[in-house]
Amino acid sequence: MMSKQRRALIGAVVAEFYAGIDGVGYLIIQYSNRFNVAAALVPVALLVAIGVGSTTLLKWLHRRLTPWAEQAGA
């Protein structure tokens with residue numbers, strides 16, 4: 001099952017692809033339309049890094065700020 005956070009991140013990226021006139025999604029589409037795969041992978045890697053980094057940060061903050069939530073699950 002996909003978590004709400006993942007669905008929100010995917011939704012934000014897809015929305016930017018269709019509505020953005022500049023930004024990471026726009027760059028990916030422009031490079032892809034020009035068949036410049038190497039350049040298109042840079043913004044994709046940036047999105048992956050932001051996604052993994054923000055997920056890791058939020059999990060850490062959750063553990064740090066709500067220690068009782070982990071104890072209740074054990």
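Leu 41 is found in helix H3 of this predicted model, and with a relative accessible area of 52% this leucine is exposed, the cut-off for that class being over 50%. The side chain does not stand alone at the surface, for Leu 41 belongs to a nonpolar patch that also takes in Val 37, Val 44, Val 48 and Val 52. Together, these five residues present about 440 Å² of accessible area.

The helix that carries Leu 41 spans residues 37-65 and belongs to a fold in which the secondary structure comes to four helices and zero strands. Read from the N terminus on, the order of elements is accordingly α-α-α-α. The radius of gyration is 17 Å, well over the 11 Å that the globule rule gives for 74 residues, and the protein is therefore more spread out than a compact globule. Along the principal axes, the C-alpha trace extends over about 50 × 20 × 20 Å. Of the 74 residues in the protein, 9% are buried, while the area exposed by the protein amounts to about 6200 Å², with carbon and sulfur atoms supplying 68% of this surface.

Ala 40, also placed in helix H3, offers a contrast to the exposed Leu 41. The relative accessibility of Ala 40 is 8%, and this alanine therefore counts as buried, the limit for that class being under 20%. Across the chain, Ala 40 is paired in space with Ile 28: the two residues are 12 positions apart in sequence, yet their C-alpha atoms lie 5.0 Å from each other. Ile 28 falls within the range of helix H2, which covers residues 24-33. Tyr 26 is likewise found in helix H2, but it is partly exposed, with a relative accessible area of 34%. The C-alpha atom of Tyr 26 is separated by 9.5 Å from that of Pro 43, a residue 17 positions away along the chain.

Between helix H2 (24-33) and helix H3 (37-65) runs a loop that contains Phe 35. The backbone of Phe 35 adopts a positive phi of about 60°, although this residue is not a glycine. Phe 35 is in addition exposed, its relative accessible area reaching 73%.

A further feature of the model is its largest pocket, which has a volume of about 300 Å³. The lining of this pocket is made up of Ser 3, Gln 5, Arg 6, Leu 9, Gly 51, Ser 54, Thr 55, Leu 58 and Lys 59. The elements that contribute two or more residues to this lining are helix H1 (4-19) and H3, and the largest share, five residues, comes from H3. Among the lining residues is Leu 58, which is found in helix H3 and is exposed, with a relative accessible area of 52%. Leu 9, another residue of the pocket lining, is 49 residues from Leu 58 along the chain, and the C-alpha atoms of the two are separated by 13 Å.

Taken together, helix H3 supplies the buried Ala 40 and the exposed Leu 41 of the nonpolar surface patch, and helix H3 also gives five residues to the lining of the largest pocket.

Methods:
Residues are numbered from 1 along each chain as its sequence is written. This is a predicted model: local features need pLDDT of at least 70, side-chain atom pairs count only at pLDDT 80 or more; totals for chains, interfaces and linings use all residues. Side-chain values use heavy atoms; hydrogens and water are left out. The radius of gyration is taken over C-alpha atoms; the globule rule is 2.2 Å times the number of residues to the power 0.38. Buried means under 20% relative accessible area, exposed over 50%, partly exposed in between (1.4 Å probe, protein chains only). Accessible areas come from the Shrake-Rupley method with a 1.4 Å probe; for residues, only the protein chains shown count as cover. Patches are made of residues with over 30% relative accessible area and no salt bridge: like charges are joined within 9 Å, nonpolar side chains (Val, Leu, Ile, Met, Phe, Trp, Tyr) within 5 Å. A salt bridge is a side-chain nitrogen of Lys or Arg within 4 Å of a carboxyl oxygen of Asp or Glu. On a 1 Å grid over the protein atoms alone, a cavity is a set of points where a 1.4 Å probe fits but cannot get out, and a pocket is an open set with protein on both sides within 12 Å along at least five of seven lines; lining residues have an atom within 4 Å of a point. Grid points are joined across faces, edges and corners, and a volume is the space filled by probe spheres set on the points.
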